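Student: I have a structure open and I'm not sure how to read it. Could we go through a few features together?

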Amino acid sequence: MKMIVITGGQGDIAKAIKNELMQEFEILTPGKEELDVTSIENVSKYFDEHIPDVLINNAGYVKPMSISECDIYSEKKAVDINLFGTFNCTSAVLRKNNDAKIINVGSSAATKVHGTWSSYCASKAGVVMATKCWAEDGYDVICISPGRTHTKMRKGLFPDEDTETLLKPEDFAKVIRRAVEGKYDSGAHLNVTKDNVKELLK
């Protein structure tokens, strides 16, 4: 049975992906206590012990703040988790399994402007570009970016939002399944929303 490792494994999207794929794959969903994506030593040790066939870089962090008033340590944390964490885990996995498939969970914020989300938007935009570079370098990698999604993280940011307008994590997980199955081209960046998810699953 092939192994999939999903970083940020305690979040709603990771749980939905696990539920979607657990019948066919061994799924590991480490939380930050087990796999700190910002730590070179911790990541290297984890992937010495767990060598996946598919890595899903899903760990993420956002704390909206204006750049002039921000906690710069929080901004660094966002870049470290969202961007460096993706580099850190991808490099560690490919050193152990050069044929591993890499699926980067991006964000629609990578291509949209949000005034107080600059560290999140910029780091997710970096993930999109890294995906394209790694594909050109010969690796099997894709970036799939969820739009507004019904998760606890989203609820914390927008507590009064109408959840009927949001993408369901279960539907996003079905797109991830298609990526695991190789249905999309390496290097592609897919934006997934409530409005287009059915089209992507055709």
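Tutor: Sure! Keep in mind that this is a predicted model. Let's start with open spaces: the largest pocket here has a volume of about 1,200 Å³.

Student: Which residues are the closest to the centre of the largest pocket?

Tutor: Those are Asn58, Gly60, Tyr61, Tyr120 and Met153, out of 48 residues that line the pocket. Helices H1 (12–21), H3 (72–96), H4 (118–136) and H5 (152–157) each give two or more residues to that lining. The largest share, four residues, comes from H5.

Student: How do the residues of that lining divide into nonpolar, polar and charged?

Tutor: You'll find 19 nonpolar, 17 polar and 12 charged residues in the lining of the largest pocket.

Student: What about closed spaces? How many cavities of 30 Å³ or more does the structure hold?

Tutor: Three. The largest cavity has a volume of about 40 Å³. Its lining is made up of Lys101, Asp140, Val141, Ile142, Ala179, Tyr184, Asp185 and Ser186. Strand S5 (residues 140–146) gives the most, with three residues. By type, the lining of the largest cavity has four nonpolar residues, one polar and three charged.

Student: Now a helix. Why should helix H6 span 16 Å?

Tutor: You count 1.5 Å a residue, using one less than the number of residues. Helix H6 (residues 169–180) has 12 residues, so it should span 16 Å, and its end C-alpha atoms are indeed 16 Å apart.

Student: Is H6 mostly covered or mostly open?

Tutor: Mostly covered, since a residue counts as buried under 20% relative accessible area, and nine of the 12 residues in H6 are buried. Among them are Pro169, Phe172, Ile176 and Val180. Just after H6, glycine 182 takes a positive phi of about 80°.

Student: And how do I read aromatic rings?

Tutor: A pair of aromatic rings is described by the distance of the centres and the angle of the planes. This structure holds three such pairs. In one of them, tyrosine 46 and phenylalanine 47 sit edge-to-face, 5.2 Å centre to centre with 85° between the planes. Both tyrosine 46 and phenylalanine 47 are buried. Phenylalanine 87 and tryptophan 134 also form an edge-to-face pair, at 5.1 Å centre to centre and 75° between the planes. That pair links distant parts of the chain, with phenylalanine 87 in helix H3 and tryptophan 134 in helix H4, 47 residues apart.

Student: Are phenylalanine 87 and tryptophan 134 buried or exposed?

Tutor: Phenylalanine 87 has a relative accessible area of 38%, so it is partly exposed. Tryptophan 134 counts as buried because its relative accessibility is 15%.

Terms used: Residues are numbered from 1 along each chain as its sequence is written. This is a predicted model: local features need pLDDT of at least 70, side-chain atom pairs count only at pLDDT 80 or more; totals for chains, interfaces and linings use all residues. Side-chain values use heavy atoms; hydrogens and water are left out. On a 1 Å grid over the protein atoms alone, a cavity is a set of points where a 1.4 Å probe fits but cannot get out, and a pocket is an open set with protein on both sides within 12 Å along at least five of seven lines; lining residues have an atom within 4 Å of a point. Grid points are joined across faces, edges and corners, and a volume is the space filled by probe spheres set on the points. Ala, Val, Leu, Ile, Met, Phe, Trp, Tyr, Cys and Pro count as nonpolar, Asp, Glu, Lys and Arg as charged, and the others, Gly among them, as polar. Buried means under 20% relative accessible area, exposed over 50%, partly exposed in between (1.4 Å probe, protein chains only). Rings of Phe, Tyr and Trp (its six-membered ring) pair if their centres lie within 6.5 Å; planes under 30 degrees apart count as stacked, over 60 as edge-to-face and the rest as tilted.
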